[in-house]
Amino acid sequence: MENIEQLAINTVRVLAADSVQKANSGHPGTPMGLAPIGHVLWSKIMNYNPKDPHWAGRDRFVLSCGHACMLQYAYLFLTGYEVHMDDIKEFRQLHSITPGHPEYGLTPGIEVTTGPLGQGFANGVGMGIARAMLAAKFNKDGFDVFNYNIYAICSDGDLMEGVSSEAASLAGHLGLGSLVYVYDNNHITIEGSTELAFNEDVAARFRSYGWHVQTVDDGNDLEAIESAILAGKDEKKRPSLIIVRTVIGYGSPDKEGTAAAHGSPLGTAEVRKVKEGFGFDPDTSFEIPSDVLQYYRQVGVKGWKSNKNGKPCGKIIVSIFPSWLKPTKMQQKMNFRAIGILIYLSLNQMKREWLPERQPGRHWRQLRPIFHYWLEAQPIWLPPLIL
Ligand SMILES: Cc1ncc(C[n+]2csc(CCOP(=O)(O)OP(=O)(O)O)c2C)c(N)n1
């Protein structure tokens with residue numbers, strides 16, 4: 001008998017194929033290739049609470065290749081977030097909570113809006129900086145409240161975009177050990193093979209940024225994926241990149257490994273073949289074996305009751321954090337005063353330096369020091385501001 005983990009992974013693959021087919025648009029192949037990585041992350045690695053998606057101690061997940069969002073929606077649904085089968089069936093429909101790219105604030109469990117390639121990668125770096133600051137401010141010996149990680153999946157397109165290089169360089173410089181990024185090295189982008197336009201040595205590039213880099217040769221090898229992610233998690237001084245060789249459209253006999261599985265439905269005949277190949281009923285759509293749902297719901301509930309150390313999920317943090325972040329009335333008043341002073345000084349400066357003499361190139365440059373001092377003073381009343 002097929003083991004439950006393999007059945008669970010194939011269920012996600014079939015679900016991705018079905019929902020893209022029903023929507024008649026979307027990206028089926030990438031979730032199909034990534035399902036084993038998603039499985040390891042959601043069932044073995046990440047701490048999260050489907051019933052409390054804002055739990056401050058949760059691990060963050062970023063799907064930088066947002067076009068592959070059926071992967072994320074599938075796991076949000078299966079693990080028990082407020083994303084239901086009806087939402088999955090409404091994939092890519094107007095007003096649904098499962099749009100064609102993940103949107104923060106719309107779908108429970110989505111941490112960040114992604115879609116423009118590279119942006120999610122960079123946002124994850126911002127999350128790593130925030131995590132480092134929270135840890136520096138609040139963690140005490142024996143009270144390691146902010147010890148979560150930021151897990152991301154990024155794709156060829158993400159690594160082609162310049163913004164990810166800048167962010168990766170900064171992450172390496174800052175030694176953001178909380179970042180564990182998985183690179184979906186499937187050799188395929190929208191136009192065809194990466195051979196067409198992307199031949200750099202990604203591992204060497206990221207090593208040069210100061211990242212901890214590992215490779216996994218087989219994107220279906222659950223043990224190798226898990227141990228690489230665990231090693232990335234254990235690396236506290238450097239961000240981690242795990243380059244996993246996956247196969248886009250895995251399980252689609254005629255389209256796997258090709259760009260045909262990237263950005264359009266597989267086609268009803270091909271979806272039938274996928275189901276037959278995985279032992280599913282080709283005449284049934286959106287089939288979730290009850291064992292699989294039970295398996296993932298237990299994983300979700302386990303995350304709900306405790307984190308990986310068996311400690312209760314962080315209600316303490318939830319209660320102290322918002323009150324700390326909200327500026328007090330006095331701080332707000334000081335901010336308004338600061339803005340008032342800035343306007344006053346700026347106008348004065350313009351009057352003295354700009355209007356009477358009209359010296360080209362002088363006036364605006366004179367304002368820069370004022371902004372400089374004003375900005376420098378901000379963290380006094382806005383502690384989360386980074387300068
Ligand atoms: C900045 C940006 N440019 C273009 C696109 C359009 N686009 C969506 S997916 C894609 C190809 C991505 O290829 P890859 O990252 O390899 O993803 P995979 O084929 O593995 O799904 C492109 C160009 C985009 N989403 N963002």
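Student: What phi does G80 take, just after α3?
Tutor: G80 takes a positive phi of about 110°. Helices here are DSSP runs of H or I with at least four residues, strands are E runs of at least two, and both are numbered from the N terminus. Residues are numbered from 1 along each chain as its sequence is written. This is a predicted model, where local features need pLDDT of at least 70 and side-chain atom pairs count only at pLDDT 80 or more, while totals for chains, interfaces and linings use all residues.

Student: And α3, buried or exposed?
Tutor: Mostly covered: ten of the ten residues in α3 (residues 70–79) are buried. Buried means 20 or more other C-beta atoms, placed from the backbone, within 10 Å of the residue's own; exposed means 12 or fewer, with partly exposed in between. Among the buried ones are M70, Y73, F77 and T79.

Student: Changing topic, in what order do the strands of the sheet come?
Tutor: The order is β1-β2-β3-β7-β6, in an open sheet of five strands with parallel pairing. Two strands pair if DSSP finds at least two bridges between them.

Student: Which strands stand at the edges?
Tutor: β1 (60–63) and β6 (212–216) do; each has a single partner strand, so one side of each is left without a neighbour in the sheet.

Student: How many bridges join β6 to β7?
Tutor: Five, and β6 runs parallel to β7 (residues 240–245). In that pair, Q214 stands opposite I242 of β7.

Student: Which strands does α9 lie across?
Tutor: α9 (residues 222–234) lies across β3, β6 and β7, at about 175° to β6. Angles run from 0 to 180 degrees between N-to-C directions, with axes fitted to C-alpha atoms, for helices over the stretch in contact. Contact means C-beta atoms, placed from the backbone, within 7 Å. Helix α2 (residues 29–45) lies across β1, β2 (150–155), β3 (179–185) and β7, at about 150° to β3.

Student: How many residues surround the ligand?
Tutor: 20, and the closest are T30, S155, D156, G157 and T189. A residue is near the ligand if its C-beta atom, placed from the backbone, lies within 6 Å.

Student: Which element gives the most to that shell?
Tutor: α6, with three residues.

Student: Last one: where does pLDDT stay under 50?
Tutor: Over residues 315–320, for which the model has five contacts beyond four places in sequence. pLDDT is the predictor's confidence in each residue, from 0 to 100. The chain averages 89, and 82% of the residues score at least 70.

Note on methods: Contact = placed C-beta atoms within 7 Å.
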